[in-house]
Amino acid sequence: LYDWSVAVFGMFMSSITGMATSTAVGYSLVFSTAVWGALTVVPVYLMTRAAFGNKAGIVASLLFAIMAGNISRSVFSDADHDAMVLFFAVWSFYFLLIALMSVKGDKWVSGWKNRKAISSGIASYFRANRLSAIYAALSGVSLAAVAMIWTGYTYLLVIILVYFLVQVFINRFRNSDSMGMVITVGVMLSVAFA
């Protein structure tokens, strides 16, 4: 996906400027890290704002913009696909956060031993939580984009699954239903792997 986007933008630049295609593709490869790095500020702001408020979102996006790791992977330094990976990874985490925050309801299944109660409970969950399912699917699409760009996408899966297991464990002691989280993460992973 990264090579494809760089090549298309390079050919577009070549047709507009008249420079050789190989030169245009080289420039688009070098400048792509700056574009993706700058665009990543948006999901960093949105994710932090959703979790901690507007002021925290502004501070987080400012700190991300001047972060040494982000700057060192920019134009004419060590240009590679990391900025594009981070862009989609942060979008994936943001959409997962919003999906989990927008889950409505508490108990959907009255009894786990009755198949009819399970199917009607899952159906009622999806009727009440369409927006959450859409956000979970968007998270899965972003995760799939990371998987197409970077072979180390499994790091994101581990982060998500560790959070999932810890939260299910905490919910068990709080006596809270984890079905909303299970379905949200399940939708995200199903879309990502599909």
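1. Let's start with helix 3 and helix 4. V41, V44, Y45, T48, R49 and F52 on the helix 3 side meet N54, A56, G57, I58, A60, S61, F64 and A65 of helix 4. Meeting, or contact, is used here for heavy atoms within 4.5 Å. The helices are DSSP runs (H or I, at least four residues; strands would be E, at least two), numbered from the N terminus.

2. A word on what you're looking at. This is a predicted model, in which local features need pLDDT of at least 70 and side-chain atom pairs count only at pLDDT 80 or more, while totals for chains, interfaces and linings use all residues. Residues are numbered from 1 along each chain as its sequence is written, and side-chain values use heavy atoms, with hydrogens and water left out.

3. Back to that first pair. Two packed helices are described by the angle between their axes and the distance between the axes. For helix 3 (residues 41-52) and helix 4 (residues 54-65), the axes come within 7 Å and cross at roughly 150 degrees. Axes here are lines fitted to C-alpha atoms, for helices over the stretch in contact, and angles run from 0 to 180 degrees between N-to-C directions. Helix 3 and helix 4 are therefore roughly antiparallel; the cut-offs are under 35 degrees for roughly parallel, over 145 for roughly antiparallel, 65 to 115 for roughly perpendicular, and oblique for the rest. The crossing of helix 3 and helix 4 is right-handed (near helix turned clockwise from the far one by less than a right angle; anticlockwise would be left-handed).

4. F64 is a good residue to click on in helix 4. F64 is buried, with 9% relative accessible area. Buried means under 20%, exposed over 50%, and partly exposed in between, with a 1.4 Å probe and protein chains only. Setting aside residues up to four places away in sequence, F64 touches G37, T40, V41, V44, N70 and L86. For scale, F64 and V158 sit 94 residues apart in sequence and 23 Å apart in space, C-alpha to C-alpha.

5. Next, take helix 6 and helix 8. Their axes are 8 Å apart and the packing angle is about 160 degrees, which makes helix 6 roughly antiparallel to helix 8. This crossing is left-handed. On the helix 6 side, the residues that meet helix 8 include M84, F88, W91, F95 and A99; their partners in helix 8 include S132, Y135, S139 and I149.

6. Which rings make up the aromatic cluster? W36, F87, F88, W91, Y94, F95 and Y135 form one cluster. Rings of Phe, Tyr and Trp (its six-membered ring) pair if their centres lie within 6.5 Å; planes under 30 degrees apart count as stacked, over 60 as edge-to-face and the rest as tilted. By this rule there are eleven aromatic pairs. One of them joins F87 and F88 edge-to-face, at 5.1 Å centre to centre with 80 degrees between the planes. F87 and F88 are both buried. The pair W91 and F95 is stacked, because the ring centres are 5.3 Å apart and the planes are at 20 degrees. W91 and F95 both lie in helix 6 (residues 82-101), four residues apart, or about one turn of the helix. W91 is buried at 17% relative accessibility, and F95 is buried at 14%.

7. S132, in helix 8 (residues 130-149), is worth a closer look. It counts as buried, at 1% relative accessibility. A polar atom of the S132 side chain lies 2.8 Å from the backbone oxygen of A99, a polar contact (N or O atoms within 3.5 Å; within protein, one able to donate a hydrogen and the other to accept it, with sequence-adjacent residues counting only if both atoms are side-chain atoms). Beyond four places in sequence, S132 touches A99, S102, V103, Y125 and T184.

8. Helix 7 (residues 115-128) also reaches helix 8: the axes come within 5 Å and cross at roughly 85 degrees. That is why helix 7 and helix 8 count as roughly perpendicular. Here Y125, F126, R127 and A128 of helix 7 meet R130, S132 and A133 of helix 8.

9. Is N175 buried or exposed? N175 counts as exposed, at 60% relative accessibility. You'll find N175 in the loop between helix 9 (154-174) and helix 10 (179-193). Its phi is near 60 degrees, a positive value in a residue other than glycine.
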